[in-house]
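Here are some short exercises to work through with the structure open beside you. Try each task before you read its solution.

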Amino acid sequence: MIESLFEEVPKMFSDEEYEKQREDIIDYYQKETINILDRLYDEAKSKNFTSEVYKRRICFYSSN
């Protein structure tokens, strides 16, 4: 049984349908991330904050 798993599991993750679903999921969440960040930047700007990205972190500073 374990031997058959070693054969079947890699096949499941190399299937074209799996790859398409994986890419669709990644694409969806990348777009969601961009939308959320855009809203965050707009809200910060409306409250007189500036932002800076540093090593995958976003810092907000008061513009006052």
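**Exercise 1.** Which pattern of helices and strands does the chain follow, read along the sequence?

*Solution.* A word on the source: this is a predicted model, where local features need pLDDT of at least 70, side-chain atom pairs count only at pLDDT 80 or more, and totals for chains, interfaces and linings use all residues. Residues are numbered from 1 along each chain as its sequence is written, and side-chain values use heavy atoms, with hydrogens and water left out.

Step 1: take helices as DSSP runs of H or I with at least four residues and strands as runs of E with at least two, numbered from the N terminus. Step 2: count two helices and two strands. Step 3: read them in order, which gives α-α-β-β.

**Exercise 2.** Work out why the chain is described as more spread out than a compact globule.

*Solution.* Step 1: apply the globule rule, 2.2 Å times the number of residues to the power 0.38, with the radius of gyration taken over C-alpha atoms. Step 2: for 64 residues the rule gives 11 Å, and the chain's radius of gyration of 21 Å is well over that, so the chain is more spread out than a compact globule. Step 3: look at the box that the C-alpha atoms fill, roughly 65 × 20 × 15 Å along the principal axes. Step 4: add burial (under 20% relative accessible area, with exposed over 50% and partly exposed in between, using a 1.4 Å probe and protein chains only); buried residues make up 2% of the 64 residues.

**Exercise 3.** Describe how strand 1 and strand 2 are joined.

*Solution.* Step 1: two strands pair if DSSP finds at least two bridges between them. Step 2: six bridges join strand 1 (residues 49-54) to strand 2 (residues 57-62), and the strands run antiparallel. Step 3: Tyr54 has Arg57 of strand 2 as its bridge partner. Step 4: the hairpin has two residues between the strands, and Lys55 takes a positive phi near 50° there.

**Exercise 4.** Find the aromatic pairs and classify them.

*Solution.* Step 1: rings of Phe, Tyr and Trp (its six-membered ring) pair if their centres lie within 6.5 Å; planes under 30 degrees apart are stacked, over 60 edge-to-face, and the rest tilted. Step 2: the whole structure holds two such pairs. Step 3: Tyr28 and Tyr29 are edge-to-face, at 4.8 Å centre to centre and 90° between the planes. Step 4: Tyr41 and Phe60 have centres 6.2 Å apart and planes at 50°, so this pair is tilted. Step 5: Tyr41 lies in helix 2 (residues 16-46) and Phe60 in strand 2, so the pair ties together parts 19 residues apart in sequence.
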